[in-house]
Amino acid sequence: SFDQSEITKLSSLDGCIQYYITSFWKVDQAIRNLFTHFLEKKDLIASFQNFYKDLLNVFLEKWFSFIDDYKENQTGALEQIIRNNDVKTAIIVGDGVSFESARNGISKVDGSYKSNNSFMLADIPSVTENKMSHLYISSGEVVAVHKEREKALTSSFPDKDIGFISLENVS
């Protein structure tokens, strides 16, 4: 059972964010796992789905009550990561990667590697060209073509060897 009383105590956007990254992401993960394994058994999954929808509605109502405090922090994030790391660094970028998916990926990283379990708040509107442009380009300029965003990032660091691998090509 998941205690939703903590949601009603949330009093700020930061509180909502901390609650999500410490507790609520586990509910997201659990429901996705249930859907993956029992999607064909609608009678079994229905009660879980209804519970999740009710819980999510309570959380989102709290979250959006603080929406005026929301400020994206992703603009120029890749440049900042590259600039602040002197060692070889891998950055996994995906459109709409959920916090819980990232946590699962990090849990599978070999312990001999240092991993960072941070999060960022995406820019709005939540469309690929806007969000990805803000990640790659610190000026906030929106660039529709993915290869052009990569080119802009590499041109900011002519002394660094920056490579790109599409996750679709990784097994």
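Start by selecting Lys160: leaving aside residues up to four places away in sequence, Lys160 touches Ile82 and Asn85. The model on screen is a predicted one. Lys160 sits in the segment after helix 7. Colour this residue by accessibility and it comes out as partly exposed, because its relative accessible area is 30%, between the limits of 20% for buried and 50% for exposed. Now add Phe59 to the selection and draw a C-alpha to C-alpha distance: Lys160 and Phe59 lie 43 Å apart in space and 101 residues apart in sequence.

**The whole chain**

Zoom out and switch to a cartoon. The protein chain shows seven helices and zero strands, so the order of elements from the N terminus reads α-α-α-α-α-α-α. The C-alpha trace spans about 55 × 40 × 30 Å along its principal axes. Of the 171 residues, 27% count as buried. Among contacts with a separation of 6 or more, 62% are between residues 24 or more positions apart.

**Helix 2 and helix 3**

Select residues 13-38 for helix 2 and 42-65 for helix 3. Their axes come within 11 Å and cross at roughly 165 degrees. Angles over 145 degrees count as roughly antiparallel, and helix 2 and helix 3 are therefore described that way. The crossing of helix 2 past helix 3 is left-handed.

Show side chains next. On the helix 2 side, the residues in contact include Leu13, Tyr20, Phe24, Asp28 and Phe38. On the helix 3 side, Leu44, Gln49, Phe59, Lys62 and Trp63 are among them. What is the make-up of this contact, counted as nonpolar, polar and charged? It divides into 19 nonpolar residues, one polar and two charged.

**The cores**

Stay with these two helices and select Ile7, Tyr20, Phe24 and Phe59. In the largest nonpolar core, which has 19 residues, these four touch the most other members. Helix 2 and helix 3 are the elements that give two or more residues to this core. Which of them gives the most? Helix 2 does, with ten residues.

Centre on Tyr20 and display its neighbours. Not counting residues up to four places away in sequence, Tyr20 touches Trp25, Asp28, Phe59 and Phe99. A second, separate core holds ten residues, including Ala77, Met132, Tyr136 and Val143.

**Helix 6 and helix 7**

Follow Met132 and Tyr136 into the next pair. Select residues 128-136 for helix 6 and 146-155 for helix 7; the two pack at an angle of about 15 degrees, with their axes 9 Å apart. Angles under 35 degrees count as roughly parallel, and helix 6 and helix 7 are therefore roughly parallel to each other. Helix 6 passes helix 7 in a right-handed crossing.

Helix 6 makes the contact through Glu129, Met132, Ser133 and Tyr136, and helix 7 through His146, Arg149, Glu150 and Leu153. By class, these residues are three nonpolar, two polar and three charged.

**Last stop: Tyr113**

Select Tyr113, in the loop between helix 5 (99-107) and helix 6. Is Tyr113 buried or exposed? Its relative accessibility is 58%, so Tyr113 counts as exposed. To finish, draw a line from its C-alpha atom to that of Ala30: the two are separated by 27 Å and lie 83 residues apart along the chain.

Terms used:
Residues numbered from 1 in each chain as written. Predicted model: local features only at pLDDT ≥ 70, side-chain atom pairs only at ≥ 80, totals over all residues. Heavy atoms only, no water. Axes fitted to C-alpha atoms, helices over the stretch in contact; angles between N-to-C directions. Helix = DSSP H or I, 4+ residues; strand = E, 2+ residues; numbered from the N terminus. Parallel < 35°, antiparallel > 145°, perpendicular 65-115°, else oblique. Left-handed = near helix turned anticlockwise from the far one by under 90°. Contact = heavy atoms within 4.5 Å. Nonpolar A, V, L, I, M, F, W, Y, C, P; charged D, E, K, R; others polar. Buried < 20%, exposed > 50% of the residue type's maximum accessible area, 1.4 Å probe, protein only. Core = buried A, V, L, I, M, F, W, Y, C linked by side-chain atoms within 4.5 Å.
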